[in-house]
Amino acid sequence: MSFARFTSALALAAGLSVSAFPLSAEELSVATFVPPQHHSNTVMFKWFGDELEKRSGGDLTMKLYPAGQLGAGPVQQYKRAVEGVADITFGVSAYTPALFPKTMLAILPGKAESSHEATERMLAVFDEHLASEYEDVKVIALSTAAGIGIAATRDVSTMEGLKGAKVVPYAALTTPIVEAMGAVPVQMPVTEMYTGLSTGTIDGAYSTYNNMTPPWNFWDVASHFATNVPVQHAVIFVVMNRERYEGLSDEHRAIIDELAGEAASFKLAESFDGADVKSLEMMKAATDKNYQLVEVSAEERAKMDAAVAEGLKAIFADYADRGIDNAEAIYNAINR
């Protein structure tokens with residue numbers, strides 16, 4: 001995969017001459033809406049910060065502002081990067097879908113079953129199909145949270161169980177799929193799903209294993225976690241204010257280029273997949289929680305996959321109505 005627009009060639013970075021004068025110290029502000037203990041902070045951003053400092057000899061560092069310290073809520077994260085509220089932001093494309101219609105096609109159920117695999121597939125088509133959606137920023141990373149299950153207050157492992165259930169998908173885009181599966185889609189940010197499950201506002205939500213355990217703690221309010229469902233993906237971006245990036249020294253930009261793209265994207269995927277492994281172990285070991293892990297049978301999964309296929313037809317038709325005639329081709333490229 002080329003991923004050329006994310007990074008400069010390493011040979012170019014290696015060939016940059018060392019300045020005869022000491023570089024001025026630079027600190028990059030990083031805004032994220034998730035809590036400090038979230039794995040994206042403790043894995044990906046810790047790695048990123050450590051590498052910045054090590055490669056620059058301490059002249060280029062970052063400061064993390066978690067839990068919405070530079071602006072509450074996840075919806076405005078991309079805008080905060082574009083406007084320079086923060087130098088770098090961490091966000092979810094589904095909260096501003098109009099900005100990323102082609103990227104949103106990676107959310108749909110397809111061949112990817114993990115964050116790492118979904119990341120590989122997105123990067124493989126990025127230059128050809130997705131890059132134009134990120135021209136206002138410097139992209140640091142693009143990955144996903146793989147919605148490998150549905151956390152619910154009832155058994156939704158069958159089409160009958162899904163019938164009429166109020167389920168939060170990973171994006172409004174998947175509404176035709178959720179409806180074809182017999183459920184009622186309800187849009188809600190992840191920060192409100194715990195309350196939604198506990199109050200009965202929703203019956204279920206597409207989730208990772210990590211959503212079940214701290215810091216999200218869905219296992220306190222969900223009675224079931226259904227696996228082997230058609231996987232939806234929340235596309236996660238880490239982007240940098242373009243003027244801030246271009247205003248850095250050649251040496252500091254080269255460091256950013258070396259870290260951005262594949263390296264940072266796969267580190268972000270590692271954080272999500274790794275968190276799921278740890279959370280599944282916690283779920284299996286827990287003795288004080290009242291929920292069931294339920295696997296969708298092969299027969300029921302076939303029915304769900306057929307519903308997905310019907311939903312995709314409606315989604316591609318909607319894209320065509322909006323003037324994006326190659327949506328199905330992009331989806332197929334992602335899932336080739």
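**Aromatic pairs and helix packing in the predicted model**

A search of the whole structure, which is a predicted model, finds 12 aromatic pairs. One of these is formed by Y78 and F100, whose rings lie 5.0 Å apart, centre to centre, with 90° between the planes, an edge-to-face arrangement. This pair joins distant parts of the chain: Y78 belongs to helix α3 (residues 77-83), whereas F100 lies in the loop between β3 (88-92) and α4 (115-130), and the two are 22 residues apart. Both partners are buried: the relative accessible area is 6% for Y78 and 0% for F100.

A further aromatic pair consists of F316 and Y331, with a centre-to-centre distance of 5.6 Å and an angle of 55° between the planes, and is classed as tilted. Here too the pair links distant parts of the chain, with F316 in helix α12 and Y331 in helix α13, 15 residues apart. F316 has a relative accessibility of 12% and counts as buried, because the cut-off for a buried residue is a value under 20%. Y331 is likewise buried, at a relative accessible area of 9%.

The helices that carry this second pair pack against each other. The axes of α12 (residues 298-321) and α13 (residues 327-334) are 8 Å apart and make an angle of about 130°; the two helices are therefore oblique to each other. The contact brings L312, F316 and Y319 of α12 together with A327, E328 and Y331 of α13. Of the residues in this contact, five are nonpolar and one is charged, with no polar residue. Y319 also takes part in an interaction between a charge and a ring: the charged end of R322 sits over the ring of Y319, at 4.4 Å from the ring centre.

Y78 and F100 also belong to a wider aromatic arrangement, in which ring pairs link Y78, F100, F126, Y134 and F237 into a cluster. Two members of this cluster, Y78 and F237, are touched by T89, a residue of strand β3. When residues up to four places away in sequence are not counted, the contacts of T89 are A31, Q77, Y78, R80, A81, F237, V238 and V239. T89 is buried, with a relative accessible area of 0%. The C-alpha atoms of T89 and F100 are 16 Å apart in space, with the residues 11 apart in sequence.

Burial was also examined in other helices. Helix α10 (residues 250-259) contains the buried residues H252, A254, I255, I256, D257 and L259. In an α-helix there are 3.6 residues a turn, so residues three or four places apart point the same way. Just after α10, the backbone at G261 adopts a positive phi of about 85°.

In helix α8 (residues 209-212), N211 is buried, with a relative accessible area of 8%. Its contacts, apart from neighbours within four places in sequence, are Y170, V190, W216, N217 and F218.

Terms used
Residues are numbered from 1 along each chain as its sequence is written. This is a predicted model: local features need pLDDT of at least 70, side-chain atom pairs count only at pLDDT 80 or more; totals for chains, interfaces and linings use all residues. Side-chain values use heavy atoms; hydrogens and water are left out. Helices (H or I, at least four residues) and strands (E, at least two) are DSSP runs, numbered from the N terminus. Buried means under 20% relative accessible area, exposed over 50%, partly exposed in between (1.4 Å probe, protein chains only). Contact means heavy atoms within 4.5 Å. Axes are lines fitted to C-alpha atoms, for helices over the stretch in contact, and angles run from 0 to 180 degrees between N-to-C directions. Angles under 35 degrees count as roughly parallel, over 145 as roughly antiparallel, 65 to 115 as roughly perpendicular and the rest as oblique. Ala, Val, Leu, Ile, Met, Phe, Trp, Tyr, Cys and Pro count as nonpolar, Asp, Glu, Lys and Arg as charged, and the others, Gly among them, as polar. Rings of Phe, Tyr and Trp (its six-membered ring) pair if their centres lie within 6.5 Å; planes under 30 degrees apart count as stacked, over 60 as edge-to-face and the rest as tilted. A charge sits over a ring if NZ of Lys or CZ of Arg is within 6 Å of the ring centre and within 35 degrees of the ring normal.
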